[in-house]
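Trainee: Could you take me through one part of this model closely, a helix and how its residues are covered, and then show me how that part sits in the rest of the protein? I would enjoy one connected answer.

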Amino acid sequence: MSEDFLPIKGYDHVEFYVGNAKQAAHFYDKTFGFKPMAKRGLETGDRNVSSYVLSQGKVRFVFSAAYTPDHEISRHCALHGDGVKAIALEVDDVESALRESKARGATVLKPATPVEDEHGTLVSGEIKYAGDTVFRFVERKNYRGPFSPGYQAIEAHGSEPVGFASIDHIVTNVYLGEMDYWAKWYADVMGFRNLAHFTDKDISTEYSALMSKVMENGTGKCKFPINEPAEGKRKSQIEEYLDYYYGPGVQHVAITTGNIYETVTELRNRDIDFLRIPDTYYEYMKNRVGDVGEDWDKLQELGILLDKDEDGYLLQIFTAPVQDRPTLFYEVIERHGSKGFGIGNFKALFVSIEEEQALRGNL
Ligand code: FE2
């Protein structure tokens, strides 16, 4: 077996470019239960960007907005709306990560850049990914501060957490015909392997379909499914995303929980909207899956999906988009042995998504 030339320790953070970082941070605190940890902005001497760092379990999100109209973040938001700019991965050696990925075809957008304060030195660098999205490598082995130099810790109480533990996978939507390009890119440039492949026969309804490949890094810690639209009678949800995001980008972030019943109950109490699942789904799945020791009535009441494969089963649920544009949404997932992505649920998900899409007049 060849050596992993890009050893990844795990997801470091996800950075979102938004129109209003203060309000985005408030939303993620009050609804999803993320705790504000650190910030930068005018108060900390940053004249250009306001950023809030929030965390829950091992999940760390950064929301950034610009103070001026001609800033890169402002232009990004004007084109894409609020969305994911950077998927940050923790590595031991940013210099090496950039050198190895560049040698295999990566476009380096930001060279290894050390920044330091009284807590030590943090190094980061970036390579181009789909659309305007980037992969950021972060080396924090010599840094002991709350997040990064330039940020100040926040003494915030924050809302009660909802049980989010870690990022499970991050999904990108790309244009028709680009999925294979990006799958190959992950394999060549990042040294990832193809974990699964779903064709439009697996994931289709009468109206729309998608194809998906799942790429996984050497340690199995990071998984990145790539979706592209497939031909359907009407516009697929992937096309709708691409139209509204004005290009490829992150479609959803899946976050694990140890108790999906409690997490979803709490999120529903805090007015998070989830995709409506038709009652017929539960009749169908009860027959298909049988008894796995979960409470089907409770699953139905909360709208939680269940899928089973040879390794076990998983429970999952999808939120509605979290901004005006029908672009980024979240998945909450609880795994019981299954390493899959809920393939049996894709179709049920599609039917449900299309109901919502029809309501927006976009089907
Ligand atoms: Fe997912």
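Mentor: Gladly! Let us agree on a word before we start: a residue is buried when its relative accessible area is under 20%, exposed when that area is over 50%, and partly exposed in between. Please keep in mind that this is a predicted model.

With that cut-off in hand, look at helix α2, which runs over residues 72-80. Its buried residues are I73, S74, H76, C77 and H80. Now look down the axis of α2: these buried residues fall within an arc of 160 degrees, so they line one face of the helix.

What lies over that face? The cover of the buried residues of α2 includes four strands, β1 (8-17), β3 (49-56), β4 (59-66) and β5 (83-91). Helix α5 (237-245) is also part of that cover. Just after α2 ends, G81 adopts a positive phi of about 75 degrees.

Helix α5 gives us a natural way onward, as the loop between α5 and β14 holds Y246. Y246 has a phi near 55 degrees, which is a positive value in a residue other than glycine. Its relative accessible area is 55%, so Y246 is exposed. A second residue of this kind is D271, in the loop between α6 (260-269) and α7 (279-289). Its phi is near 70 degrees, again positive in a residue other than glycine. D271 counts as exposed too, because its relative accessibility is 64%.

On the other side of that first loop, strand β14 takes us to the metal. An iron ion is coordinated by H169 through NE2, H252 through NE2 and E331 through OE, at 2.0 to 2.2 Å. Along the chain, these donors follow the spacing H-x82-H-x78-E. The pair H252 and E331 links distant parts of the chain: H252 belongs to strand β14 (residues 249-257) and E331 to strand β17 (residues 329-336), 79 residues apart. H252 and E331 are both buried.

For a case between buried and exposed, turn to D180 in helix α4 (residues 179-190). With a relative accessible area of 45%, D180 is partly exposed. Its side chain makes a polar contact of 2.5 Å with the side chain of K213. D180 can also be paired with S212: they are 32 residues apart in sequence, while their C-alpha atoms are 9.4 Å apart in space.

Finally, let us step back to the whole protein, which has 9 helices and 17 strands. Its radius of gyration is 20 Å, close to the 21 Å that the globule rule gives for 363 residues, so the protein is as compact as a globular protein of that length. Taken along the principal axes, its C-alpha atoms fill a box of roughly 60 × 45 × 40 Å. Of the 363 residues, 57% are buried. Among contacts with a separation of 6 or more, 68% come from residues 24 or more positions apart. The accessible surface of the protein comes to about 15800 Å², and carbon and sulfur atoms account for 49% of that surface.

Notes
Residues numbered from 1 in each chain as written. Predicted model: local features only at pLDDT ≥ 70, side-chain atom pairs only at ≥ 80, totals over all residues. Heavy atoms only, no water. Donors = N, O, S within 2.8 Å, 3.2 Å for Na, K, Ca; no water. Helix = DSSP H or I, 4+ residues; strand = E, 2+ residues; numbered from the N terminus. Buried < 20%, exposed > 50% of the residue type's maximum accessible area, 1.4 Å probe, protein only. Arc of directions from axis to C-beta. Contact = heavy atoms within 4.5 Å. Polar contact = N/O pair within 3.5 Å; in protein donor to acceptor, adjacent residues only side chain to side chain. Rg over C-alpha atoms; globule rule 2.2 N^0.38 Å. Areas by Shrake-Rupley, 256 points an atom, 1.4 Å probe, with all protein chains shown as cover.
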